[in-house]
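Visitor: I have a model open and would like to learn how to read its sheet, its helices and its pockets. Where do we start?

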Amino acid sequence: MSAVEEKIASLGLKLPEVVPPLATYQPAVRSGSYVFTSGQLPMVDGALPVTGKVGAEVSPEQAKELAAVCALNALAAVKSVTGDLDKIVRVVKVVGFVASAPEFTGQPGVVNGASELLGEVLGEKGVHARSAVGVAVLPIDAPVEVEIQVEIAD
């Protein structure tokens, strides 16, 4: 088990299996010393634990927890192409999409769930640039979706 996976376990979490694509794409792609993940939904054991819009059917607190699940799924996607999460030099960029009720403006707080998890797991390597975007709807009515870009060492 890698040091990163040991840290995940110490937080009481488990690195999940890679979430299979819902359409025609790869969960992650390596280009040079970077890995780009596809948008990761908060899938747990093949299903969404909750659906709907944040600020309506889904509370901001629930959505923040779901964003952390997305980040774990993104790390699983990174591992699928690198074989070892200890190869991560740093998380370069995180993009979070939040399916938002029309009046909801707390997207940054929701995406903090992903950012905070990456920071807890990777320390300084988890510090990143980020975008948090409100959208009308996400695939299969997911409340949140997160993609990451990481630099890796060979």
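Guide: We take the sheet, then the helices, then the pockets. Keep in mind that this is a predicted model.

Visitor: How do I read a sheet in general?

Guide: Look at the backbone. Strands of a sheet pair through backbone hydrogen bonds, either parallel or antiparallel.

Visitor: In what order do the strands lie here?

Guide: The order is β1-β2-β5-β3-β4. The sheet is open, has 5 strands and shows mixed pairing.

Visitor: Which strands stand at the edges?

Guide: They are β1 (28-31) and β4 (129-135). Each has a single partner strand, so one side of each lacks a neighbour in the sheet. As for twist, neighbouring strands are turned by 15 degrees against each other on average, direction ignored.

Visitor: Take me through the pairs. How many bridges join β1 to β2?

Guide: There are 4, and the two strands run antiparallel. One place to look is V29, which stands opposite F36 in β2. The link is a hairpin, with 2 residues between β1 and β2. Check the backbone of G32 in that turn: its phi is positive, about 65 degrees.

Visitor: In what sense does β3 pair with β5, parallel or antiparallel?

Guide: Antiparallel, over 9 bridges. Strand β3 covers residues 88-99 and strand β5 covers residues 144-152. Two residues help you find the register. V94 stands opposite I148 in β5. V95 has E147 as its bridge partner in β5.

Visitor: And in what sense do β3 and β4 pair?

Guide: Those two are parallel, with 7 bridges. Here V98 has G134 in β4 as its bridge partner. To get from β3 to β4, the chain passes through α3. This β-α-β crossover is right-handed.

Visitor: Now the helices. Which strands does α2 lie across?

Guide: Helix α2 lies across β1, β2 (34-37), β3 and β5. Its direction makes about 40 degrees with that of β5. Helix α3 also packs on the sheet, where it touches β3, β4 and β5. The angle between the directions of α3 and β4 is about 145 degrees.

Visitor: At what angle do helix α1 and helix α3 cross?

Guide: Roughly 120 degrees. Helix α1 spans residues 3-10, helix α3 spans residues 107-122, and their axes come within 8 Å. At the contact, V4, K7 and I8 in α1 meet E120, V121 and L122 in α3. By class that is 4 nonpolar, no polar and 2 charged residues.

Visitor: How should I think about pockets?

Guide: Think of a rolling ball. A probe the size of a water molecule, rolled over the atoms, shows where empty space is left.

Visitor: What volume does the largest pocket have?

Guide: About 360 Å³. It is lined by 18 residues, and P16, M43, V44, D45 and N73 lie nearest its centre. The lining divides into 12 nonpolar, 2 polar and 4 charged residues. Helix α2 (residues 60-82) gives the most to this lining, with 5 residues.

Visitor: How much space lies in the second largest pocket?

Guide: About 170 Å³. Its lining has 13 residues, of which L22, Y25, G39, Q40 and L41 are the closest to the centre. Sorted by class, the lining of this second largest pocket has 9 nonpolar, 3 polar and 1 charged residues.

Technical notes: Residues numbered from 1 in each chain as written. Predicted model: local features only at pLDDT ≥ 70, side-chain atom pairs only at ≥ 80, totals over all residues. Heavy atoms only, no water. 1 Å grid on protein atoms, 1.4 Å probe; cavity = no way out; pocket = protein on both sides within 12 Å on 5 of 7 lines; lining within 4 Å. Points joined across faces, edges and corners; volume = space filled by probe spheres on them. Nonpolar A, V, L, I, M, F, W, Y, C, P; charged D, E, K, R; others polar. Axes fitted to C-alpha atoms, helices over the stretch in contact; angles between N-to-C directions. Contact = heavy atoms within 4.5 Å. Pairing = 2+ DSSP bridges. Right-handed = clockwise from strand over helix to strand, strands pointing away.
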